[in-house]
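Biologist: I should like to learn how to read a protein model, one feature at a time. May we begin with the display?

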Amino acid sequence: MKKVKQLILLILVSFVSACSQTPQDKAEDAAVRFSKAMYGLNFDEAKEFCTPDAEKILVFIASNTNYEDINTLKKAGDVKVSVIESTVYPGDSTATVKLKISNYVELNMMGSKPTIEKEKVEKVDLVRINDKWLVDLHN
């Protein structure tokens, strides 16, 4: 009986902590998940975190990605993404997350070879639609 109570308590604590994420936490999570998918060339997963307009840009990038890009990504290994800072603006409907992207492949749409880059800082703008944070690639 004691183990059942512990299990129920564990489930309850997990549920409460998941529900207690702030808008800032949720925006950061969406930005990180989008960036890992995007820089990992997993465009289908990245689309889940985009506005419809941003999805069109992803489709364009995906259509210009080739085997050389994918092979370069395999050589690079896993992309690392971490939050530097974030801001949720008044009204809680827009946010900006500044990320550090490490060990990523820089694609070149002009025919040059892709390169493995060590690190860059990326600003990700998000909008909240139907209580879901979505990346807005308007800039």
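Biologist: Which residues in H2 are buried?

Modeller: Please bear in mind that this is a predicted model. In H2, the buried residues are Ala-27, Glu-28, Ala-30, Ala-31, Val-32, Phe-34, Ser-35, Ala-37, Met-38 and Tyr-39.

Biologist: How does H2 contribute to the largest nonpolar core?

Modeller: In soluble globular proteins, nonpolar side chains tend to be buried together. Here, the largest nonpolar core has 30 residues, and those touching the most other members include Phe-34, Met-38 and Leu-126. Several elements each supply at least two residues of this core, among them helix H2 (23-39), helix H4 (52-63) and strand S3 (115-129). H2 gives the largest share, eight residues.

Biologist: What span should the 17 residues of H2 have?

Modeller: At 1.5 Å a residue, the expected span is 24 Å, and the end C-alpha atoms of H2 are 24 Å apart, which agrees. Just after H2, Leu-41 has a positive phi of about 60°.

Biologist: Where do Asp-29 and Arg-33 lie?

Modeller: Residues three or four places apart in an α-helix point the same way, because there are 3.6 residues a turn. Asp-29 and Arg-33 are both in helix H2, four residues apart, about one turn of the helix. Their side chains meet in a salt bridge of 3.6 Å, N to O. Asp-29 is partly exposed, at 34% relative accessible area, and Arg-33 is also partly exposed, at 39%.

Biologist: Which residue forms a salt bridge with Lys-123?

Modeller: Side chains of opposite charge can pair when their charged atoms come close. Lys-123 pairs with Asp-125, their closest N and O atoms being 3.7 Å apart. Asp-125 counts as buried, at 12% relative accessibility.

Key
Residues are numbered from 1 along each chain as its sequence is written. This is a predicted model: local features need pLDDT of at least 70, side-chain atom pairs count only at pLDDT 80 or more; totals for chains, interfaces and linings use all residues. Side-chain values use heavy atoms; hydrogens and water are left out. A nonpolar core is a set of buried Ala, Val, Leu, Ile, Met, Phe, Trp, Tyr and Cys residues joined through side-chain atoms within 4.5 Å. Buried means under 20% relative accessible area, exposed over 50%, partly exposed in between (1.4 Å probe, protein chains only). The expected span of a helix is 1.5 Å times one less than its number of residues. A salt bridge is a side-chain nitrogen of Lys or Arg within 4 Å of a carboxyl oxygen of Asp or Glu.
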